[in-house]
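Colleague: I'd like to take a close look at one part of this model with you. Could you walk me through it slowly, as I'm still new to this?

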Amino acid sequence: MSPQCVCGGEHVNRLNQQVSVMRKEIKNLRQMLDNALRAHRKQMTSLQSAVTQVGLCNRDETPLTPSPSPPPTSPQAALEQGTIQTAPIGYISSCFSVKNGTPRQPTVCGPSRAELRLQQHVFTNPDHALVGLEQYSHVWIIFLFHKNGHLSYKAKVKPPRLNGQRVGVYSTRSPHRPNALGLTLAKLDKIVGDTIHLSDIDMIDGTPVLDIKPYIPEYDSPHTRVVMDSEPYDSNPITETESSVLIFYEASETDSVQSNVKHQGTYDDVGRLLFRDTAENVVPVTHSSKGNVQSSLPKDLCSVLEEVKAYVSQSDDSLSKVQASLSPQNKPPEPKVDRPCYREEAYSTIAGWIREPPVVSLDVRFTSHAQRELAEFLPSHLSGCPKSDRPQFKFLRSPEEAAAAIRGVLSADPRSVYRRTRCRDRLFFFTLDTADITCWFGQGFAEVLQVRPVELHVASM
Ligand SMILES: C[S@@+](CC[C@H](N)C(=O)[O-])C[C@H]1O[C@@H](n2cnc3c(N)ncnc32)[C@H](O)[C@@H]1O
């Protein structure tokens with residue numbers, strides 16, 4: 001072996017050693033990198049679970065049980081788990097632009113007004129979704145408290161009417177609740193195309209609406225709820241002298257009336273067949289020259305009514321004969337039919353603090369200066385009127401209506417408990433429609449000092 005070879009061999013050996021050292025270093029580096037990655041992943045996981053915990057935690061720091069199942073993958077699975085993504089069907093345009101001074105319940109302030117236009121992308125023809133709703137005077141609006149400011153909530157809250165006392169969130173209408181859903185019974189003024197005009201509202205401008213349902217006292221109010229039971233129909237037996245008949249039917253899907261509504265047909269004094277719908281409207285049923293029943297009733301119902309009428313007039317003849325042949329003891333048992341009745345438990349009870357809150361309602365007065373300022377406002381929707389420098393309401397129909405709304409808002413004392421009990425500043429500002437209101441609170445009263453047009457609205461007119 002030549003020295004050069006020896007030399008070259010040593011060189012190769014040294015190189016090999018260096019390579020193996022480098023390999024080891026690379027391996028160590030890989031190991032370190034792997035460890036770092038693992039640690040990072042672990043940290044991320046714990047961070048993520050911390051975020052989830054914060055999201056699910058109320059401010060009492062009681063962690064809520066997270067959903068046991070993983071996030072659903074299909075819309076159907078989401079529906080079954082109750083985790084569907086909601087999308088607003090529309091947004092409220094309201095005479096209340098901010099939370100401050102917005103009535104705490106719709107009944108507080110009658111003349112409050114709003115509009116709700118259905119979003120174009122929800123239905124191909126949004127106005128179709130409103131067909132039939134015009135038959136109702138009131139609607140439930142289900143909405144999101146989108147201006148809550150945060151998504152946290154507490155198990156116990158201090159409703160302003162309770163003046164600082166705490167009660168469970170679910171015994172109140174507090175906006176700060178899991179899911180931040182609000183429910184308002186609003187007056188339905190009119191429907192124009194895809195837009196609903198409402199009054200008696202307590203939602204601020206821009207409120208996202210998730211659903212609308214008709215208010216049906218028979219279903220929604222225990223005071224008027226008709227409880228069906230199966231006791232013998234003995235309190236109102238049908239007699240031969242009474243030419244009335246009760247007809248209950250389940251409306252079919254195709255009927256023009258809402259399905260499941262119970263309808264009642266009867267004869268009036270002059271023997272006309274009448275139909276009573278759930279809204280207590282009595283609709284006379286007319287007869288055509290062929291003797292058929294005609295009305296705006298669904299076709300099915302007309303033929304049923306016709307049959308029943310024939311049956312009743314037949315029975316009228318035979319009933320007296322049959323009854324004469326029966327002694328009272330021999331009478332057959334009354335047939336068991338579903339009948340409407342009012343049960344004691346159908347009446348509702350409410351918390352005493354709602355009926356008699358510790359917070360008294362306030363007298364509301366206007367300074368003559370404020371009165372003059374308010375009278376300057378033109379009613380909303382004044383068409384054909386020459387352009388004026390005077391401020392104009394966007395929703396309210398007159399200064400009188402505005403005065404009533406202001407009275408409603410202030411008499412319920414819209415201040416927070418803190419402002420009411422601890423704050424020295426007695427001035428209070430709020431916005432109603434296109435007017436900025438300034439007032440102050442004294443012992444048992446609120447006085448309106450100033451009613452100025454909101455700058456923005458004046459500029460846009
Ligand atoms: C006490 S909540 C009652 C709402 C509804 N009637 C209910 O019972 O669910 C009414 C108050 O919620 C506030 N509010 C109205 N609309 C809101 C919105 N979109 N986001 C947050 N707060 C809102 C106003 O301050 C209003 O006085």
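Which residues on the other side of α6 are exposed? And please show me what surrounds that helix.

Modeller: Sure! Keep in mind that this is a predicted model. The residues you're after are Ser368 and Arg372, which are exposed. Now turn the helix around. α6 covers residues 368-375, and Ala370, Glu373 and Leu374 in it are buried. Looking down the axis of α6, you'd find these buried residues within an arc of 100 degrees, so they line one face of the helix. Ser368 and Arg372 are on the other side.

What does the buried face pack against? The buried residues of α6 have three partners: β16 (363-366), α7 (399-411) and β19 (445-453). Two of those partners, β16 and β19, belong to an open sheet, so let's look at that next.

The sheet has four strands in the order β16-β19-β18-β17, and its pairing is mixed. At the edges stand β16 and β17 (427-432), each with a single partner strand, so one side of each has no neighbour in the sheet. From one strand to the next, the twist averages 30 degrees. As a bit of background, strands of a sheet pair through backbone hydrogen bonds, either parallel or antiparallel. Here, β16 and β19 take the parallel option, with four bridges between them. One pair to find on screen is Arg365 and its bridge partner in β19, Glu447.

Back to our helix: α6 lies across β16 and β19, and it runs at about 40 degrees to β19. The other helix, α7, also packs on the sheet, where it touches β16, β17, β18 and β19. The direction of α7 makes about 135 degrees with that of β17.

For a feel of the sheet from the inside, pick Thr438, which sits in strand β18 (residues 435-442). Thr438 has 15 C-beta neighbours inside 10 Å, and that's why it counts as partly exposed. If you leave aside neighbours within four places in sequence, its contacts are Leu427, Phe429, Leu449 and Gln450. Val451 is 13 residues away from Thr438 along the chain, yet their C-alpha atoms are separated by 6.6 Å.

Now zoom out a little. The chain has nine helices and 19 strands in total. Of its 461 residues, 19% count as buried. Among contacts with a separation of 6 or more, 61% link residues 24 or more positions apart.

There's another sheet to set beside the open one: a closed barrel of six strands, running β1-β2-β7-β6-β3-β8 with antiparallel pairing. Its neighbouring strands are turned by 45 degrees against each other on average, if you ignore direction. To trace part of it, start at β1 (residues 90-94), which pairs with β2 (residues 113-118) over five bridges. Ile92 stands opposite Leu116 in β2. β1 also pairs with β8 (residues 208-214), this time over two bridges, and there Gly90 stands opposite Val209. Elsewhere in the barrel, seven bridges join β3 (residues 138-144) to β6 (residues 181-192), with Leu183 in β6 as the bridge partner of Ile142.

Finally, have a look at the ligand. It's surrounded by 18 residues, and the closest are Lys99, Lys147, Arg173, Gly182 and Thr207. That shell divides into six nonpolar, seven polar and five charged residues.

How values were computed: Residues are numbered from 1 along each chain as its sequence is written. This is a predicted model: local features need pLDDT of at least 70, side-chain atom pairs count only at pLDDT 80 or more; totals for chains, interfaces and linings use all residues. A residue is near a molecule or strand if its C-beta atom, placed from the backbone, lies within 6 Å of it. Ala, Val, Leu, Ile, Met, Phe, Trp, Tyr, Cys and Pro count as nonpolar, Asp, Glu, Lys and Arg as charged, and the others, Gly among them, as polar. Two strands pair if DSSP finds at least two bridges between them. Axes are lines fitted to C-alpha atoms, for helices over the stretch in contact, and angles run from 0 to 180 degrees between N-to-C directions. A residue is buried if 20 or more other C-beta atoms lie within 10 Å of its own, exposed if 12 or fewer, and partly exposed in between; C-beta atoms are placed from the backbone. The arc is that of the directions from the helix axis to the C-beta atoms. Two residues are in contact if their C-beta atoms, placed from the backbone, lie within 7 Å.
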